[in-house]
Amino acid sequence: GCQPADGKTLASINDADFNALFTPLKDRGAVILFDENAEKLDPNATKVIEERWLDRKGARYFFVVARASRTGPPDMNRTLSHKRANSIHFHLQEQFKDPDLEKQVGLLWLGEEFAQLSKEYCNWNNSRPDKPCNEDAVNRSAFVSWVDCRL
């Protein structure tokens with residue numbers, strides 16, 4: 001996994017440009033939404049994660065980018081986004097028991113200080129399509145998708 005400071009050190013890229021990297025994956029990926037101050041996956045989240053995992057389409061890496069909204073202290077949100085990324089990773093391990101999973105899954109957790117999403121990301125395939133979505137809600141999330149690049 002990578003922490004926010006690692007991303008800023010390795011590449012000088014602004015938040016909008018970072019988020020735009022995922023635009024081509026809009027139809028292929030999904031946004032997993034979490035409750036406030038929580039990292040637990042609800043049943044619909046696990047269903048969406050499993051669907052995305054099984055829809056590999058020849059790609060080599062499953063990328064998880066977890067976030068936390070600006071609600072609460074920054075340190076707590078960094079920890080929370082890390083836990084959200086791990087929740088997805090642990091679920092994949094338990095569900096699929098793939099011996100190569102460690103080589104296929106890349107985790108990035110962003111806390112609240114880097115690459116916050118705008119409300120437009122509420123329109124992406126997400127784990128709570130029947131619930132209201134705003135910027136706080138979409139930033140309590142993790143983006144998941146198979147990608148074909150080197151992590």
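**Sheet.** I started with the strand order: this predicted model has an open sheet of four strands, arranged β1-β4-β2-β3 with mixed pairing. I then checked the edges, which are β1 and β3; each has a single partner strand, so one side of each lacks a neighbour in the sheet. For the twist I got an average of 20° between neighbouring strands, direction ignored.

**β2 and β3.** I looked at how this pair runs: β2 and β3 are parallel, joined by five bridges. One residue I looked up here was Phe63, whose bridge partner in β3 is Gly106.

**Helices on the sheet.** I went through α3 next. It packs on the sheet and touches β1, β2, β3 and β4, with its direction at about 155° to that of β1. α4 also packs on the sheet, touching β1, β2, β3 and β4, and its direction makes about 165° with that of β3.

**Core.** Which residues touch the most other members of the largest nonpolar core? I found Ile32, Phe62, Val64, Ile88, Leu92 and Val105, in a core of 22 residues. Two or more residues each come from β1 (30-33), α3 (43-54), β2 (61-66), α4 (74-96), β3 (105-109) and β4 (141-147). α3 gives the most, with four residues.

**Ile88.** I listed its contacts, leaving aside neighbours within four places in sequence: Ile32, Phe34, Leu41, Ile49, Val64, Ala142 and Val144.

**Second core.** I also noted another core, apart from the largest one, with 21 residues. Among them are Leu33, Leu110, Phe114 and Val138.

Definitions and conventions: Residues are numbered from 1 along each chain as its sequence is written. This is a predicted model: local features need pLDDT of at least 70, side-chain atom pairs count only at pLDDT 80 or more; totals for chains, interfaces and linings use all residues. Side-chain values use heavy atoms; hydrogens and water are left out. A nonpolar core is a set of buried Ala, Val, Leu, Ile, Met, Phe, Trp, Tyr and Cys residues joined through side-chain atoms within 4.5 Å. Buried means under 20% relative accessible area, exposed over 50%, partly exposed in between (1.4 Å probe, protein chains only). Contact means heavy atoms within 4.5 Å. Two strands pair if DSSP finds at least two bridges between them. Axes are lines fitted to C-alpha atoms, for helices over the stretch in contact, and angles run from 0 to 180 degrees between N-to-C directions.
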